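Thanks, everyone, for making the time this morning. I would like to walk through the side-chain contacts in this model, taking the aromatic rings before the charged groups, so please have a look at it on the screen.

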Amino acid sequence: MSVRKGGDVQGEPVGKIDLDYVQQFRDRTGKLRTYFRFKGKRWTLPDPSDPGFTAAYARLRQKVVGTAATASKGENSVGWLIKRYQASPEFKRLADRTRKDYARILSDIGMQYGAKSWPAMTRPIVMERIRDPLADTPRRADYHVAVLSAVFAWAIKREIATANPCHGIEKLFKAGGGYRAWTAAEIERFCIGCTDDEHLIFMLALYTAQRAGDLVRMTWFQYDGETIRVRQGKTGATLALSVHDALKAALQVAPRSDGTILARPDGRAYSSADLSQVFSKAVRRIGGLEGCTLHGLRTTHVTILAESGAGARQIMATTGHRTLAMVEHYTRNAEQARMARDLIARLPNIVRTKRSGP
């Protein structure tokens with residue numbers, strides 16, 4: 001792949017990035033900037049280390065170049081299968097909007113997993129690599145699985161494939177409910193079966209209620225022993241989160257470094273996708289935790305607060321939600337449950353007496 005150079009960008013070019021139309025320059029202040037350039041036009045991209053870089057690059061390439069950016073490595077590769085599907089009459093007959101949406105999703109999948117073997121894809125692999133890394137956006141996660149399922153369904157009809165690894169995968173998005181909260185029994189089961197590293201991920205997610213992308217950016221520098229300061233990537237909100245005693249105890253025994261609180265065994269920081277995959281593997285290994293997700297711990301945190309009587313505005317101070325509507329259903333559900341318990345206690349205690357007669 002080539003890297004196009006242009007003279008209208010201020011600053012000095014830096015090392016080559018092996019992606020078409022991508023350039024990096026260090027500006028006059030020393031900040032590294034990444035751009036997508038095509039026919040004299042330029043769009044700003046996230047840094048390549050950012051979890052959102054791949055999707056942003058794929059969308060721009062699809063938009064301005066007109067072809068999906070899909071890796072491929074022979075007839076057994078996912079990229080080869082995607083390209084065959086996109087060249088088929090079935091794909092071309094899709095409604096214009098649907099075809100564009102499918103192309104965008106297939107570009108995302110093809111860039112990341114195009115060189116992988118499609119015959120080796122199984123349901124757990126699709127869940128771990130395609131669905132779970134997008135857990136913060138459940139509709140998008142489910143759509144990725146649905147589009148990939150369409151590719152395999154087409155391949156089965158063409159007698160290229162014999163099975164669809166996307167069949168039977170539970171959707172993450174639940175209308176009106178989102179991710180479900182963990183039960184007390186599930187929390188206990190996970191804590192018994194998890195490793196020390198997995199336990200730290202669990203504790204940080206449950207007691208701070210932050211998204212995976214914000215968990216991986218938390219550093220030891222932001223923790224002063226009482227408070228963790230977080231700037232949320234999705235909302236831009238800056239939060240000062242009081243640290244629960246249980247989380248303090250977990251942080252006290254965690255390995256310290258100059259970097260992020262959550263780190264791989266070799267010391268490198270996680271991406272949000274990697275963190276979701278690690279956690280999903282732990283859930284599957286432990287077993288008996290169907291429907292339990294990393295993002296579901298955020299729901300658990302909010303549900304516990306709501307059931308304890310916290311109001312929507314109080315909960316927003318912890319979670320960083322931008323609108324009341326996003327948390328009010330938790331407080332409404334908790335209030336309904338409390339009212340139901342109180343009202344049931346007022347009903348008369350009717351005891352069945354022994355029947356007389358036949």
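Ring pairs link F36, W43, F53 and Y57 into a cluster, and I should say straight away that what we are looking at is a predicted model. Within that cluster, the rings of F53 and Y57 have their centres 6.2 Å apart with their planes at 10°, and because planes under 30 degrees apart count as stacked, this pair is stacked. Both residues belong to helix 1, which covers residues 53-64, and they sit 4 residues apart, about one turn of the helix. As for their surroundings, F53 is buried at a relative accessible area of 6%, and Y57 is likewise buried, with a value of 1%.

A second ring pair has another geometry: Y102 and Y143 are 6.3 Å apart, centre to centre, with 70° between the planes, which makes the pair edge-to-face. Here Y102 comes from helix 4 (residues 96-113) and Y143 from helix 6 (residues 138-157), so the contact ties together parts that are 41 residues apart in sequence. Y102 counts as buried, at 15% relative accessibility, whereas Y143, with a relative accessible area of 28%, is partly exposed. Altogether, the structure holds 13 aromatic pairs.

Let me turn to the charged side chains, where the count comes to 16 salt bridges. Staying with helix 4, D96 and K100 meet in a salt bridge at 3.5 Å, N to O, and, being 4 residues apart in that helix, they are separated by about one helical turn. D96 is partly exposed at 42% relative accessibility, while K100 is exposed, with a relative accessible area of 53%.

Helix 4 also holds R104 and D101, which lie 3 residues apart, about one turn of the helix, and which form a salt bridge whose closest N and O atoms are 3.6 Å apart. In that bridge R104 is partly exposed, at 27%, but D101 counts as buried, at 17% relative accessibility.

Which residue forms a salt bridge with R180? The partner is E186, and the closest N and O atoms of the two are 2.8 Å apart. R180 is partly exposed, with a relative accessible area of 33%, and E186, at 12%, counts as buried. Finally, salt bridges that share partners join E128, R131, D132, K281 and R284 into one network.

How values were computed: Residues are numbered from 1 along each chain as its sequence is written. This is a predicted model: local features need pLDDT of at least 70, side-chain atom pairs count only at pLDDT 80 or more; totals for chains, interfaces and linings use all residues. Side-chain values use heavy atoms; hydrogens and water are left out. Rings of Phe, Tyr and Trp (its six-membered ring) pair if their centres lie within 6.5 Å; planes under 30 degrees apart count as stacked, over 60 as edge-to-face and the rest as tilted. Helices (H or I, at least four residues) and strands (E, at least two) are DSSP runs, numbered from the N terminus. Buried means under 20% relative accessible area, exposed over 50%, partly exposed in between (1.4 Å probe, protein chains only). A salt bridge is a side-chain nitrogen of Lys or Arg within 4 Å of a carboxyl oxygen of Asp or Glu.
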